[in-house]
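Hi everyone, thanks for making time for this. Let me put the structure up on the screen, and then we can walk through some parts of it together.

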Amino acid sequence: MRYRILLPALLCALLLALPTRAIGAERPAAPNDPYYGEQWALRSEAANGIDLLETWRFGQGSGVVVAVLDTGITAHPEFEGRVLSGYDFISDALRAGDGDGRDSDPSDPGDWVSAADISAQTYGPNCTETSDSSWHGTHVAGTILAAANNGVGMSGIVPLAQLLPVRVIGHCGGSVTDLIDAMRWAGGLTVAGVPENPTPATIINISLVVERNCSGAMQSAVDELSARGVIIVTAVGNETLEASRFAPANCLGTLTVGATTLSGDRANYSNYGSAVDLSAPGGAATRGSGILSTYNEGRTAPAASAYALESGTSMAAPHASGVLAAILAAEPNLPRSDLFTLLFANLAPFPAGSSCAQTPGLCGGGIINGARLYAAFAARTAPLLTQVAPTELAIGTSSAVSATIDGSAAVLTLLTPTVCSFDGASVTAIASGSCILQSARPGSATVQPVDLRITIAVPGNTPTLSLSVPTRLKVGRRITPTVTTSSDGVATLTSRTPRVCVFGASGRLRAIASGTCRVRVEVPATAQFAARRITVSIRATR
Ligand SMILES: [Ca+2]
Ligand SMILES: [Ca+2]
């Protein structure tokens with residue numbers, strides 16, 4: 001079975017000239033990239049976009065790896081410094097067009113099909129349409145992670161994320177076996193004959209479909225990747241058919257994305273039905289309503305970098321991948337079940353009167369929207385912590401400690417075993433300092449952005465401290481003062497009146513003039529005892 005690339009419904013390869021660098025007036029929130037204004041898909045819910053600026057409240061994807069399984073990648077200033085070592089999984093050297101089968105170079109040499117290729121059946125009898133190179137992988141990647149605020153071109157959704165380019169589609173399509181191996185490798189699973197992926201992706205974007213059932217091998221790949229926390233985002237296809245007919249969208253556990261237009265309605269090409277989880281902007285093939293992203297000027301082999309408008313569910317899927325990448329960069333340990341629960345509960349409804357609104361289940365649960373998701377996450381990540389704990393606890397004493405988060409019993413973990421011990425129900429103070437317990441929701445490894453710690457002060461015990469000296473001392477006489485203390489700290493003695501009395505090297509006190517000799521005795525704080533000092537007066541006389 002051969003894969004067909006998800007060609008845009010009507011490829012609108014409008015090449016846009018690189019602009020001169022924008023100067024000045026950068027709004028504090030919106031990026032300065034000159035084509036940002038044309039990226040309607042990044043606008044707010046009112047404009048049926050994903051709301052980029054609200055999505056950025058999660059951050060810009062720093063630290064997250066997004067794999068794009070596609071035609072490969074071309075050099076583009078918008079990706080500079082953020083392209084990881086991907087892989088070329090195309091086994092068929094002829095389709096790959098780079099002279100060999102699988103190799104470690106995921107660059108896209110072009111996937112054009114010439115009239116001569118068709119008459120010679122270079123790519124088999126089923127390859128019957130001529131086309132220029134699609135630069136499909138480059139376009140998909142740009143939507144996800146093109147550089148922002150670099151004064152050039154467009155803005156991606158997660159401009160700090162890293163791209164793992166994986167090549168699965170060459171001239172006139174690709175193979176399902178290559179796609180499955182590429183999925184496994186991209187997410188960190190082992191693939192025979194291929195070196196281990198040193199930078200596995202958290203999100204795998206697949207803007208490709210093939211009309212067939214989800215095979216056992218493909219479902220296994222999805223299951224194993226899901227178990228590792230990898231999110232597989234797939235386009236649902238552009239055939240205006242039931243999405244359930246197309247893999248990998250019909251594999252259980254993939255996040256499937258249909259396409260909406262500028263008006264928030266289903267794009268007329270988008271597949272539909274119960275296999276569609278949600279929609280995202282995919283655009284229509286008319287000027288002003290397409291999806292602007294990174295591209296290449298070459299008609300066959302790659303040439304200069306460029307930008308182009310395209311439309312399709314291929315363009316919708318990376319919008320979802322980008323928003324999810326922003327969230328997972330902010331909360332890498334978020335349980336995926338929590339992520340999906342929040343995602344599906346916080347989609348933007350389809351506009352009233354649209355076909356998607358009129359026929360529930362046609363286009364998934366709604367349009368992915370960063371503003372709604374951020375609001376939901378912000379509400380979730382401000383949990384109410386109630387605690388039963390003393391504010392202060394004396395060394396050697398115990399007290400019951402418990403906490404609830406949003407009404408549910410919290411799991412408490414002791415962070416300071418040198419200061420206190422914790423048996424699951426009560427804390428016993430061992431030494432002075434801060435006794436700290438971390439509280440967390442049961443069963444959640446989620447990083448909490450708010451402080452959910454319980455802090456109990458453990459003061460040191462107050463030591464006894466006295467100094468044994470006579471009340472009077474003749475000038476010229478020496479004595480050896482005796483310190484008595486319960487502290488385990490080392491006492492120091494100093495004269496506060498050096499004109500009257502001084503300590504010699506031997507530690508003996510000598511009166512040198514008549515008057516009041518004041519001696520300070522100090523013990524420092526220790527694990528068990530607080531610091532303490534006293535001052536004792538001695539009358540020095542001739
Ligand atoms: Ca190759
Ligand atoms: Ca840019």
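Pro248 is found in the loop between strand 9 (246–247) and strand 10. Helices here are DSSP runs of H or I with at least four residues, strands are runs of E with at least two, and both are numbered from the N terminus. The peptide bond leading from Ala247 into Pro248 is cis, and its omega is near 0 degrees.

A quick word on what you are looking at: this is a predicted model, where local features need pLDDT of at least 70 and side-chain atom pairs count only at pLDDT 80 or more, while totals for chains, interfaces and linings use all residues. Residues are numbered from 1 along each chain as its sequence is written, and chains are lettered from A and ligands numbered from 1 in the order in which they are written.

Now follow the chain into strand 10, residues 255–260. Strand 10 runs parallel to strand 11, and 4 bridges join them; for pairing, DSSP has to find at least two bridges between two strands. Thr260 stands opposite Pro281 in strand 11.

Which sheet do these strands belong to? An open one of 7 strands with parallel pairing, in the order 3-4-2-6-8-10-11. Its edge strands, each pairing on one side only, are strand 3 (87–88) and strand 11 (278–281). Helix 5 packs on this sheet and touches strand 2 (65–70), strand 3, strand 4 (162–167) and strand 6. By "touching" I mean residues in contact, with C-beta atoms, placed from the backbone, within 7 Å. The direction of helix 5 makes about 170 degrees with that of strand 2. For such angles, axes are lines fitted to C-alpha atoms, for helices over the stretch in contact, and the angle runs from 0 to 180 degrees between N-to-C directions.

After helix 5 (176–186), in the loop that leads to strand 6 (203–206), you will find Pro200. Is Pro200 buried or exposed? It counts as partly exposed, because it has 18 C-beta neighbours inside 10 Å. The cut-offs are these: 20 or more other C-beta atoms within 10 Å of a residue's own make it buried, 12 or fewer make it exposed, and anything in between is partly exposed, with C-beta atoms placed from the backbone. Leaving aside neighbours within four places in sequence, Pro200 is in contact with Val65, Gly187 and Gly188. Pro200 and Val64 are 136 residues apart in sequence, yet their C-alpha atoms are 9.7 Å apart in space.

Two residues have an unusual label on my slide, so let me point to them. Thr240, in the loop between strand 8 (231–235) and strand 9, has a positive phi of about 55 degrees although it is not a glycine. Thr240 is partly exposed, with 13 other C-beta atoms within 10 Å. Trp135 also has a positive phi, near 50 degrees, and is a residue other than glycine. Trp135 sits in the loop between helix 3 (115–119) and helix 4 and is buried, with 31 other C-beta atoms within 10 Å.

That brings us to helix 4, residues 136–145. How many of its residues are buried? 10 of 10, so helix 4 is mostly covered. The axes of helix 4 and helix 7 (residues 313–330) come within 8 Å and cross at roughly 35 degrees. The crossing is right-handed, meaning that the near helix is turned clockwise from the far one by less than a right angle; anticlockwise would be left-handed. On the helix 4 side, His136, Val140, Thr143 and Ile144 take part, and their partners in helix 7 include Ser314, Met315 and Pro318. The residues of this contact divide into 5 nonpolar, 6 polar and no charged. Here Ala, Val, Leu, Ile, Met, Phe, Trp, Tyr, Cys and Pro count as nonpolar, Asp, Glu, Lys and Arg as charged, and the others, Gly among them, as polar.

One more helix pair. Helix 8 (residues 336–345) and helix 10 (residues 370–380) have axes that come within 9 Å and cross at roughly 130 degrees. That makes helix 8 oblique to helix 10; under 35 degrees is roughly parallel, over 145 roughly antiparallel, 65 to 115 roughly perpendicular, and the rest oblique. This crossing is right-handed. Leu342, Leu343 and Ala345 in helix 8 meet Leu373, Ala376, Phe377 and Arg380 in helix 10. The contact residues here are 6 nonpolar, no polar and 1 charged.

Thanks for listening!

Note on methods
Contact = placed C-beta atoms within 7 Å.
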